[in-house]
Amino acid sequence: NPEETNFRELSEALAEHKKKTIRHMVEELDPKVICDKVITHWNLSVEAVDSFYQIEPVKDEELVVENDTADKIVRPKREIAFEDYPLNEQQDHCLELCFLCWALFQGVRETIEFRNKD
């Protein structure tokens, strides 16, 4: 409330907290992991049912990573047959997650804190 006596101090504290939080996200956000998640969820979505539209994950051949996020994920048969969570819903949700991962990456990348990275 702008009428409160400590409004300015609270506003400045909030702005500083937001700046530190976004800076921390930028520092901790691994672009490779986010991109791998975008690719994985795209490939599991309805858009990539036809293998022509699938995207091959990019792996660094020189770097061996245990549980690499670029490892291709194939939906197990038990998930395809699971009646309580139909395949078409799974695929729709994967497409939504794909775009949410992309939006997170773009949102952080577009912040002033990211562009003015020291």
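This section describes the helices, the nonpolar core, the enclosed spaces and one loop of a predicted model.

Residues are numbered from 1 along each chain as its sequence is written, and side-chain values use heavy atoms, with hydrogens and water left out. Because the model is predicted, local features need pLDDT of at least 70 and side-chain atom pairs count only at pLDDT 80 or more, whereas totals for chains, interfaces and linings use all residues.

Helices are taken as DSSP runs (H or I, at least four residues) and are numbered from the N terminus, as are strands (E, at least two). The 13 residues of H2 should span 18 Å at 1.5 Å a residue, and the end C-alpha atoms of H2 are indeed 18 Å apart; the expected span is 1.5 Å times one less than the number of residues. For H4, with 23 residues, the expected span of 33 Å likewise agrees with the 33 Å between its end C-alpha atoms. Buried residues (under 20% relative accessible area, against over 50% for exposed and in between for partly exposed, with a 1.4 Å probe and protein chains only) in H2 are Ile 34, Asp 36, Val 38, Ile 39, Thr 40, His 41, Trp 42 and Asn 43, and what covers them includes H4. In H4, the buried residues are Gln 90, Gln 91, Cys 94, Leu 95, Cys 98, Cys 101, Phe 105 and Val 108.

A nonpolar core is defined as a set of buried Ala, Val, Leu, Ile, Met, Phe, Trp, Tyr and Cys residues joined through side-chain atoms within 4.5 Å. The largest such core has 8 residues, namely Ile 34, Val 38, Trp 42, Ala 48, Leu 95, Cys 98, Cys 101 and Phe 105. Helices H2 (31–43) and H4 (87–109) each supply at least two residues of this core, and H4 gives the most, with 4 residues. Among the core residues, Trp 42 touches (heavy atoms within 4.5 Å) Glu 47, Ala 48, Tyr 53, Ile 55, Leu 95, Cys 98 and Phe 99, when residues up to four places away in sequence are not counted.

Empty space was examined on a 1 Å grid over the protein atoms alone, where a cavity is a set of points at which a 1.4 Å probe fits but cannot get out, a pocket is an open set with protein on both sides within 12 Å along at least five of seven lines, and lining residues have an atom within 4 Å of a point. The largest pocket has a volume of about 200 Å³ and is lined by 13 residues, of which Asn 43, Leu 44, Ala 48, Gln 54 and Arg 75 lie nearest its centre. The count comes to 1 cavity of 30 Å³ or more, and the largest cavity, with a volume of about 40 Å³, is lined by Thr 40, Asn 43, Leu 44, Pro 57, Lys 72 and Ile 73.

The loop between H2 and helix H3 (77–81) contains Val 58, which is exposed with a relative accessible area of 61%. Beyond its neighbours within four places in sequence, Val 58 is in contact with Lys 32, Asp 36 and Ala 70. Asn 67, in the loop between H2 and H3, has a positive phi of about 55° although it is not a glycine, and is exposed at 66% relative accessible area. Asp 68, also placed in the loop between H2 and H3, is buried, with a relative accessible area of 10%; leaving aside neighbours within four places in sequence, Asp 68 is in contact with Lys 32, Asp 36 and Lys 59.

How values were computed. Points joined across faces, edges and corners; volume = space filled by probe spheres on them.
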